Amino acid sequence: MTTVHDSAVTTVDADLSVWPASAAEPRPGALAVGGVPLAEIADRFGTPVYVLDEAEVRTRCRTYRDAFPDAEILYAAKAFLCRAMIHWIDEEGLGLDVCSAGELELAVTTGFPAERIVLHGNAKSPRDLESALRLGVGRIVIDSPSEIARLAAAVGPRGHQKVMVRVVPGISAGGHEKIRTGTEDQKFGLSISDGYAQHAITRILDQPQLELTGLHCHLGSQITSVKPYLTAVRRIAGLMASLHGQHDLVLPELDLGGGHGIAYRPGEQALDLTTLARKVRTELTGACTAGGLPAPRLIIEPGRAIAGPAGIALYRVLAVKRTGERTYVAVDGGMSDNPRPALYGVRYAPRLVGRHTTAEPALVTVVGRHCEAGDVLAADVELPADIRPGDLLAVPYHLSMASGYNLVGRPPVAAVRDGRARLLVRRESLDDIRSRDVGL
């Protein structure tokens, strides 16, 4: 594989297959993304620091638009959101899927059109709904029966709000049991099999201020097979045919959610987007034709599949310790900025950057700085045997699940493009942390 960098062709090894397309190594150890050396970014912004490749984000937005030309593409804000990301998504013509008043208001105050936003959430707060109605959000996805009356009352008898219903098709899909949301026994949505979805739809139709535009389902995350989506299409098309027969109802929209799997390590499988688009389109057309219905417009909600491959975390090694047969490499971040290994058992492939070494690879475990035995970023991975404190490690990941654990402060986010780096989100300082603590 080759990449053009500063008018020179440089070799990119297979280990960079899960990195942004702009990743290049003009000389051994000097890894760059977006034309900016990662060591330079670490020196300038400190570590831990998150790096986001703007060109990669935009390219992936366009890939979705090309694969689903007749569908509405909504970027799932939970994957990662900041003002710059909102601006890029808007410029690339995507809509936005949010699940809180915070995400919604950040988007709208950045200038994103509220009518292109969909609000999700299994337990929407009064503030969530108030913000959605005040700002004029495009659709609200109803997730429980109690939400119907609350929303209808908030809209008022003379108001109007487009809604969808999140249904559970009873499908197990996803990379880990904690991120499977299409099964019956979890907190999201209303089941088709036990009739709760149908009952909720009947109640919505009795509320004239609520306009039901379609059905929504989300099967889970890190799905790498097309088959679960096709099964979902068939089951939801069957529900739509039943609703047509019962209520003479033709719904114009079907939201199949996202959850499209990406590779975090070389050799891992990712969802084939082209195949997904082709087969879903064929399945939907066939299922609706069999039910005597026109095919609804598809809505797709990619999040991780857009932001994930564009993000990189940089950590500084603080300590190297050999205990028994295992070598631990401790870095200056960990589960406060990336809890996914602890939550879902995710495995990464860290890479030494910033210096060249001819040392043989050795098996090590990269751990974080937090007071938890489970704070492990990468278990049993190969790094150079001469790894030492002060070294810089890069991991393909981004910031979205960062927390305030141990009060270490959330890392900054920097964007790279065309050989330049700029700060998008500053580091959370000790002053920030102290200022929230108002009581003695």
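Strands, as the word is used here, are DSSP runs of at least two residues, numbered from the N terminus. With that in hand, the second largest pocket of this predicted model can be described by the elements that build its wall. Strand S19 gives the most to the lining of this pocket, with 5 residues. S19 covers residues 376-384, and both S19 and strand S17 (351-353) supply at least two residues each to the lining.

The volume of the second largest pocket is about 670 Å³. A total of 25 residues line the second largest pocket, and those closest to its centre are Asp-15, Pro-350, Arg-351, Leu-352 and Glu-382. What mix of nonpolar, polar and charged residues makes up the lining of this pocket? The lining holds 12 nonpolar residues, 10 charged residues and 3 polar ones.

The enclosed space of the model makes a useful next stop. Rolling a probe the size of a water molecule over the atoms shows where empty space is left. The count comes to 1 cavity of 30 Å³ or more, and about 30 Å³ of space lies in the largest cavity. Its lining is made by Met-240, Leu-249, Val-250, Leu-251, Leu-293 and Pro-294. By class, the lining of the largest cavity has 6 nonpolar residues, with no polar and no charged ones.

Strand S19 also takes part in strand pairing. S19 pairs with strand S18 in the antiparallel sense, over 6 bridges, and within this pairing Ala-362 has Leu-383 of S19 as its bridge partner. S18, which spans residues 361-367, is also joined to S16 by 3 bridges, and here the two strands run parallel. In that second pairing, Val-329 is matched with Val-366 of S18. As a general point to keep in mind when viewing such strands, the side chains in a regular strand alternate between the two faces of the sheet.

Beyond strand S16 (326-331) comes a loop that leads to helix H11 (340-344), and Ser-336 lies in this loop. Is Ser-336 buried or exposed? Ser-336 counts as buried because its relative accessibility is 3%, and the cut-off for buried is under 20%. The side chain of Ser-336 makes a polar contact with the side chain of His-370, at 2.8 Å. Leaving aside residues up to four places away in sequence, Ser-336 touches His-370 together with Met-401, Ala-402, Ser-403, Tyr-405 and Val-408.

Note on methods. Residues are numbered from 1 along each chain as its sequence is written. This is a predicted model: local features need pLDDT of at least 70, side-chain atom pairs count only at pLDDT 80 or more; totals for chains, interfaces and linings use all residues. Side-chain values use heavy atoms; hydrogens and water are left out. On a 1 Å grid over the protein atoms alone, a cavity is a set of points where a 1.4 Å probe fits but cannot get out, and a pocket is an open set with protein on both sides within 12 Å along at least five of seven lines; lining residues have an atom within 4 Å of a point. Grid points are joined across faces, edges and corners, and a volume is the space filled by probe spheres set on the points. Helices (H or I, at least four residues) and strands (E, at least two) are DSSP runs, numbered from the N terminus. Ala, Val, Leu, Ile, Met, Phe, Trp, Tyr, Cys and Pro count as nonpolar, Asp, Glu, Lys and Arg as charged, and the others, Gly among them, as polar. Buried means under 20% relative accessible area, exposed over 50%, partly exposed in between (1.4 Å probe, protein chains only). A polar contact is a pair of N or O atoms within 3.5 Å; within protein, one must be able to donate a hydrogen and the other to accept it, and residues adjacent in sequence count only if both atoms are side-chain atoms. Contact means heavy atoms within 4.5 Å. Two strands pair if DSSP finds at least two bridges between them.
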